[in-house]
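Here are a few short exercises to work through with the model open beside you. Try each task before you read the solution.

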Amino acid sequence: MEGGGAAEEEARAVEELRQALAARDLLPPKFDDKHTMRRFLKARGFDIDKTIDMWSEMLKWRKEFGADSILTDFVFDELEDVLLYYPHGFHGVDRDGRPIYIEILGKVDPNKLLNVTTVERFLKYHVQSLERLFAEKYPACSVASKKHVDTITTILDVKGVNWMKVSKLAREVVLHINKIDGDNYPEILHRMFIVNAGSGFRLLWGALRGLIDPNTAEKIEVLGETYRCRLLEQIDKSQLPDFLGGSCSCSCEGGCLRSNKGPWNQMMTSDNLSEAAPMETGHLSSENLDMEPDVQMKLENSQSSGSSSIPLKMLSSPNTPVTRKENVVTPRLITVSSTVTCFQLCHSVWYHRLLKLLVDVIKVIFVFLWRLLSLAPLFSALRRVASHCIKTSSTGEHVHMPGMKSSGPIDKDCTAPCLERLKRLEHMVMELNQRSPRIPPEKEDLIEESMRRIRSIECDIKKTQRALNRTSLKQLKLEQRVENWKDSMLSNSCRFSYCKAI
């Protein structure tokens, strides 16, 4: 079957990559994991040579950046101040057990954020959060959902975002984060929901969607203010904060965003997590969850004893000190690796190039107008002088100006072209001053009509997608029935052959 064939192809590619990395001495035990290799292969279109180059650069970067020991070596003391100007955090899991990451971009203040921390420390905090995601959250979610989890669901609230006030430094930081994610932590985004998107943002997204990778664009959904039903399709109401349409209202200080709610919090004990485990959860393998035998036995023993607290010592990264404290929670940061990540999407390269071009054009226009207006007094003075010259020349008098020698009468034909040019320039200046800076009503109507068409097309696309999903489910059921029929036929044939032999 097609699905089984694709899985076999991926398995062969993973094994081929593993052998190639081992032969080049590029396979530390920590990364000897099929799920990690599959993510890197997907990021490079299953091209083995390109994946090896990406893998090698990743190992080199981790050594230079110190990512392997950043969980214990780096302490982000200014986290509480950062959360004031950059509200974000993990809260709950979606219906498939993936961690949910939330950002309130409308309350982000990049200037104040960079006043309480530095770019270098913020990048280290970001990488530390990614490492903690792999070391704590993914393993806990995998145990809780009894299947492998290595992606996240992201919700970005863009209500009240002023895109024109984003500084150049903030854009550079976002682009740097995107590069770190894309090069070293690829394919960790399952789905991104951008909620409270205005008409301007939706129009911009419609233009940018065709410029980015189709696989990435497929993971991103831009929603307006009526997003609640769509979120509840993917996330249970109890896992969604009330300010996003859910029923959860965490009572701890700071609310849902600072509660760090999730399986990773529920499964922790007060013991330090000291035993080594891989960065990925790919080593956990059993029927429903890839678990090694000793881990599976510990989990079964814990569940059979009725314990609701499962130690994560066997799931955490080496020497990761994590303690469970009452009323003390630590929100985490994670920016997805996709090139159009909400912060990354909203600050995408193409978007800011368009903004920069628009700002440059406006600056040129204002400089031109300012210089033209600054010459207006000079034009008036020249006009008065020319009028005086005409008057004196018509009476036959000589024109005398300070600092100049007296000359004969001035010919009227010589001054007429200058006066005409001055009149035209004055007329142009008056027209420029009278023009309104607002968009003409007819163009606004065209924009509104375009937005209505875009919304209609989006609705048609969603309906088509739902129909395709239903068709895919029916196809899967039919394939399963055919497979079961084949198995039953094969079993009956074997029984018949056995009976005949007897």
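**Exercise 1. Find the residues that form the positive surface patch, then place Lys-477.**

Step 1: The patch is made up of Lys-462, Lys-463, Arg-466, Arg-470, Lys-474, Lys-477 and Arg-481. To get into a patch, a residue needs over 30% relative accessible area and no salt bridge, and like charges are joined within 9 Å. A salt bridge here is a side-chain nitrogen of Lys or Arg within 4 Å of a carboxyl oxygen of Asp or Glu.

Step 2: Look for Lys-477 in helix α18, which covers residues 441-501. Helices are DSSP runs (H or I, at least four residues), numbered from the N terminus.

Step 3: Lys-477 has a relative accessible area of 56%, so it is exposed. The cut-offs are under 20% for buried, over 50% for exposed and partly exposed in between, with a 1.4 Å probe and protein chains only.

A word on the ground rules: this is a predicted model, where local features need pLDDT of at least 70, side-chain atom pairs count only at pLDDT 80 or more, and totals for chains, interfaces and linings use all residues. Residues are numbered from 1 along each chain as its sequence is written, and side-chain values use heavy atoms, leaving out hydrogens and water.

**Exercise 2. Work out which helix gives the largest share of the negative patch.**

Step 1: List the members: Glu-16, Asp-47, Asp-49, Asp-53, Glu-57 and Glu-64.

Step 2: Helix α3 supplies the largest share, with four residues.

Step 3: Take Glu-57, which sits in α3. Its relative accessibility is 48%, so Glu-57 counts as partly exposed.

**Exercise 3. Check Asp-25 and Phe-46 for phi and location.**

Step 1: Asp-25 isn't glycine, yet its phi is positive, near 60 degrees. Phe-46 also has a positive phi near 60 degrees.

Step 2: Asp-25 belongs to the loop between α1 (2-23) and α2 (34-43). Phe-46 belongs to the loop between α2 and α3 (48-65).

Step 3: Asp-25 is exposed, at 70% relative accessible area, while Phe-46 is partly exposed at 30%.

**Exercise 4. How many disulfides does the structure hold?**

Step 1: Recall that a disulfide is a covalent bond between the sulfur atoms of two cysteines. The test used here is a pair of cysteine sulfur atoms within 2.5 Å.

Step 2: The count comes out at zero. Cys-250 is in no disulfide: its nearest cysteine sulfur, on Cys-248, is 3.5 Å away.

Key:
Patches are made of residues with over 30% relative accessible area and no salt bridge: like charges are joined within 9 Å, nonpolar side chains (Val, Leu, Ile, Met, Phe, Trp, Tyr) within 5 Å. Accessible areas come from the Shrake-Rupley method with a 1.4 Å probe; for residues, only the protein chains shown count as cover. Lys and Arg count as positive and Asp and Glu as negative; His and the chain ends are not counted. The place of a charge is taken as NZ of Lys, CZ of Arg, CG of Asp or CD of Glu. Helices (H or I, at least four residues) and strands (E, at least two) are DSSP runs, numbered from the N terminus.
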